[in-house]
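Trainee: Could we go through this one together? I'd like to start with a loop and work outwards.

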Amino acid sequence: MTMAGSSSSTRACDHCGRTVSPCWRRGPPEKPRLCNACGARWLVKHSLVGYMPLIKPARPESKPAAAPNPLASTRKRLRNSSPS
């Protein structure tokens, strides 16, 4: 039931306007091309009234490595040196 092709910037969901989707689905005659989220909703509910899929925030760019914790080495040393 999916349309050919995967992510493409030349397509847009006729309901929410998304341009990237893992697969494209068929919808009602007035909105024939739907993204995966809207298409799944249409398939189950046969309605898109009041529905807008959540938009995941963009992934943050890679964070710089955290500085080593100076107390971690001290704790480790104390833990290993204490008599059992």
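Trainee: Which loop holds His46?

Mentor: Remember that this is a predicted model, where local features need pLDDT of at least 70, side-chain atom pairs count only at pLDDT 80 or more, and totals for chains, interfaces and linings use all residues. Residues are numbered from 1 along each chain as its sequence is written, and side-chain values use heavy atoms, leaving out hydrogens and water. Helices (H or I, at least four residues) and strands (E, at least two) are DSSP runs numbered from the N terminus. On that scheme, His46 sits in the loop between helix 1 and helix 2 (70–81).

Trainee: What phi does His46 take?

Mentor: His46 comes just after helix 1. It isn't a glycine, yet its phi is positive, at about 55°.

Trainee: And is His46 buried or exposed?

Mentor: Buried means under 20% relative accessible area, exposed over 50%, and partly exposed in between (1.4 Å probe, protein chains only). With a relative accessible area of 55%, His46 is exposed.

Trainee: Back to helix 1 then: where do its buried residues pack?

Mentor: Helix 1 (residues 36–45) has Cys38, Gly39 and Trp42 as its buried residues. Seen down the helix axis, they fall within an arc of 100° (taken from the directions from the axis to the C-beta atoms), so they line one face of helix 1. On the other side, Val44 and Lys45 are exposed. The buried ones pack against strand 2 (24–26) and strand 3 (33–34).

Trainee: Which residues does Arg18 touch?

Mentor: Arg18 is in the loop between strand 1 (2–3) and strand 2, and at 26% relative accessibility it's partly exposed. A contact here means heavy atoms within 4.5 Å. Leaving aside residues up to four places away in sequence, Arg18 touches Arg11, Ala12, Cys13, Trp24, Cys35, Ala37, Pro53, Leu54 and Ile55.

Trainee: How far apart are the C-alpha atoms of Arg18 and Cys35?

Mentor: Along the chain, Arg18 and Cys35 are 17 residues apart. Their C-alpha atoms are separated by 6.8 Å.

Trainee: What lies 2.5 Å from a polar atom of the Arg18 side chain?

Mentor: Leu54 is among the residues that Arg18 touches. The atom you want, 2.5 Å from that side-chain polar atom, is the backbone oxygen of Leu54.

Trainee: Last one: what pattern does the protein chain follow?

Mentor: There are two helices and three strands in the protein chain. Read along the sequence, the pattern is β-β-β-α-α.

Definitions and conventions: Polar contact = N/O pair within 3.5 Å; in protein donor to acceptor, adjacent residues only side chain to side chain.
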